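Q: Hi! Could you walk me through this one with me? I'd like to start at the ligand and then wander a bit.

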Amino acid sequence: MDEGDYTPRVDGGGESNDSDDSDHTPWERPASQAHEDPERTSESTLDDSLDDSVDGADPDPTDDTDPTDPAEDPDPAEDTGSNPTDDVDSEATSLGKGGRDRSSPDVDFDGVVLDNDDDNQGLFDDLLSGEPIFENKEVLRPSYTPHELPHRNDQINRMATILVSALRGETPSNILIYGKTGTGKTASAKFVSQELESTSQKYDVPCEVEYINCEVTDTQYRVLAQLANTFIEKNQAVIADRLEQYESMRADARDDVVDEGAILAGTEFDTLAELDDRIDELEADAEEMEEVPMTGWPTDRVYTTFFDAVDYHERVVVIMLDEIDKLVEKSGDDTLYNLSRMNSELDNSRISIMGISNDLKFTDFLDPRVKSSLGEEEIVFPPYDANQLRDILQHRADIAFKGDALTDDVIPLCAAFAAQEHGDARRALDLLRTAGELAERSQAEIVAEKHVRQAQDKIELDRVVEVVRTLPTQSKIVLFAVILLEKNGVHNINTGEVFNIYKRLCEEIDADVLTQRRVTDLISELDMLGIVNAVVVSKGRYGRTKEMGLSVPVEETEAVLLSDSRLGDIENAQPFVQARFDN
Ligand SMILES: Nc1ncnc2c1ncn2[C@@H]1O[C@H](COP(=O)(O)OP(=O)(O)OP(=O)(O)O)[C@@H](O)[C@H]1O
């Protein structure tokens, strides 16, 4: 590769020295995060218990639907005799409480009856016996790419108009896509890419789209390595194809199947010697293409490998950088600088960048040259309004649910809740899916308004749990102090009271004690996160103070805090609260 005067910006010789990359491979979780797992476990346990408290339905069918108890059999279908599980139920009931044959040799040591004819007790039968509500739940999951994207025609057409140059072998302008979360940016961009690639195959034009999620692949090394390896793999496939074709021509010539002229007619070769040279060349290329390891190389070497791989043959490449703001935030704009300047050096190929971001301000941090090159075309995705969300939900619900599984007000209510947020289609779809799941769990036959409201509460609670779980320890201690006061019936809690309890909690768990001013700042942050509600009140000549109350459910929040290993050490917090006015 002749790179001329152009030198890529590569963080002073390579990210192999970057502690982030040298400590662990990019695909490994860094050691600092490894301890998260126990937390995750405790979170999911908590989450499960919260699920139960929210939906009010006991997910354990053995509790209230004991298949061994004839009096409690909840299956309404059994009375009509239409239930295919009748036999199972009646067998189980014949061995019901008191009627169970304990002398049977099939009784195992835990008292679980292993029946000769039927090897289960119907734990799942009751759950399965209800009519399913979902036809295809996957359609409501974020991983599903819809074939239709209502209310995004304008944006999709704009993208297509810009990218069509790729099909003419020209370089499309770079595109920046902005919009709040859940406004269909990724879904629309992926839809357009799929169309672009399939049209390019149809017309046999070399055009490829590479998708990178910069939330996961967030350093220059990783982005370039991932791209390099993808192109190396594709090049190897092209080489293998060509070699197969040339080897077979060579074999024909060797076996005298056809004469040399006939074999070479219509090819780029005039003689068999040229064909042999080409075969040698391809074999050498294949040999030479070395995959980039996920860590350890200097970044300029990774860059050169990527450059050579993409320029190996003629093609137009669109590099889609989703969550591009995360890449800039984590590792600056070097990657974008290098990518946006590559075209002037490439001989055979052309690249174009499509950046997607929900942070409208991230370009403020870009080098002006990168900013102007990247933002050649800008497409904005506005939030959806309630009517648009209703259409989107209706399209999906038609495929996701059984006919008549939703009452008429379900979709409008989900749309209205999500529109209140910020027109987030992901939230609307989550709400609809969760409402369906809650209805299914409570063995309802249809999804009704109450399930949507329960789903809204559940999602909101999950959000609170997540926010509280990821708070820094000091904020958790401050929040715990507020909870303790609230649990002890203190209303209009003031900063001084919180600070006193906070100090005692810190001493108990051996944590640094911050100043009252810092604690007041932390309270303001909790206020901004919507966890506490603090108002400044004037106390006349005694000055002003902040009075606050919790804006989140006490029990659940306390449980999340106590699942933190440090706060979990606080055995009995009661005495601190008793002594709150001591200082
Ligand atoms: N117009 C639409 N029609 C159907 N589904 C849609 C539409 N817009 C968004 N969705 C769905 O909403 C969910 C979120 O969309 P998407 O991931 O594209 O949002 P985004 O704008 O990229 O959000 P983020 O910035 O958080 O990544 C996806 O499941 C997507 O399929």
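**Around the ligand**

A: Happy to: 19 residues surround the ligand, and Thr-181, Gly-184, Lys-185, Thr-186 and Ala-187 come nearest (a residue is near a molecule or strand if its C-beta atom, placed from the backbone, lies within 6 Å of it). Bear in mind that this is a predicted model, where local features need pLDDT of at least 70, side-chain atom pairs count only at pLDDT 80 or more, and totals for chains, interfaces and linings use all residues. Residues are numbered from 1 along each chain as its sequence is written.

Q: Which elements give two or more residues to that shell?
A: Those are α9 (185–202) and α19 (425–441). Helices (H or I, at least four residues) and strands (E, at least two) are DSSP runs, numbered from the N terminus.

Q: And how do the shell residues divide into nonpolar, polar and charged?
A: Eight are nonpolar, eight polar and three charged. Here Ala, Val, Leu, Ile, Met, Phe, Trp, Tyr, Cys and Pro count as nonpolar, Asp, Glu, Lys and Arg as charged, and the others, Gly among them, as polar.

Q: Why does the ligand lie between domain 2 and domain 3?
A: Because domain 2 (152–381) and domain 3 (386–466) both give residues to the shell around the ligand. The domain bounds come from an automatic or database domain assignment.

Q: Switching topic: what is the order of the strands in the open sheet?
A: The three strands run in the order β6-β8-β7, with antiparallel pairing. The edge strands, each pairing on one side only, are β6 (493–494) and β7 (532–538). Two strands pair if DSSP finds at least two bridges between them.

Q: Does anything pack on it, and which helix would that be?
A: Helix α23 (residues 516–528) packs on the sheet and touches β7 and β8. The direction of α23 makes about 125° with that of β7; axes are lines fitted to C-alpha atoms, for helices over the stretch in contact, and angles run from 0 to 180 degrees between N-to-C directions. Contact means that the C-beta atoms of two residues, placed from the backbone, lie within 7 Å.

Q: How many bridges are there between β7 and β8?
A: Seven, in the antiparallel sense. One pair is Val-537 with Thr-545 in β8. Five residues separate the strands in this hairpin, where Gly-540 takes a positive phi near 60°.

Q: And β6 to β8, how many bridges there?
A: Two bridges join β6 to β8 (residues 544–550), again antiparallel. Ile-493 stands opposite Met-548 in β8.

Q: Which residue sits in the loop between α21 (473–487) and β6 with a positive phi?
A: That's Asn-492, with phi near 45° although the residue is not a glycine. Asn-492 counts as exposed because it has 11 C-beta neighbours inside 10 Å. The scale is this: buried means 20 or more other C-beta atoms within 10 Å of a residue's own, exposed 12 or fewer, and partly exposed in between, with C-beta atoms placed from the backbone.

Q: What about Asp-404, where is it?
A: In the loop between α17 (386–400) and α18 (410–421). Asp-404 has a positive phi near 60°, again in a residue other than glycine, and it is exposed, with 8 other C-beta atoms within 10 Å.

Q: Is Lys-487 buried or partly exposed?
A: Partly exposed, because 15 other C-beta atoms lie within 10 Å. Lys-487 lies in helix α21. From Lys-487 to Glu-555 is 9.1 Å, C-alpha to C-alpha, with their positions 68 residues apart in sequence.
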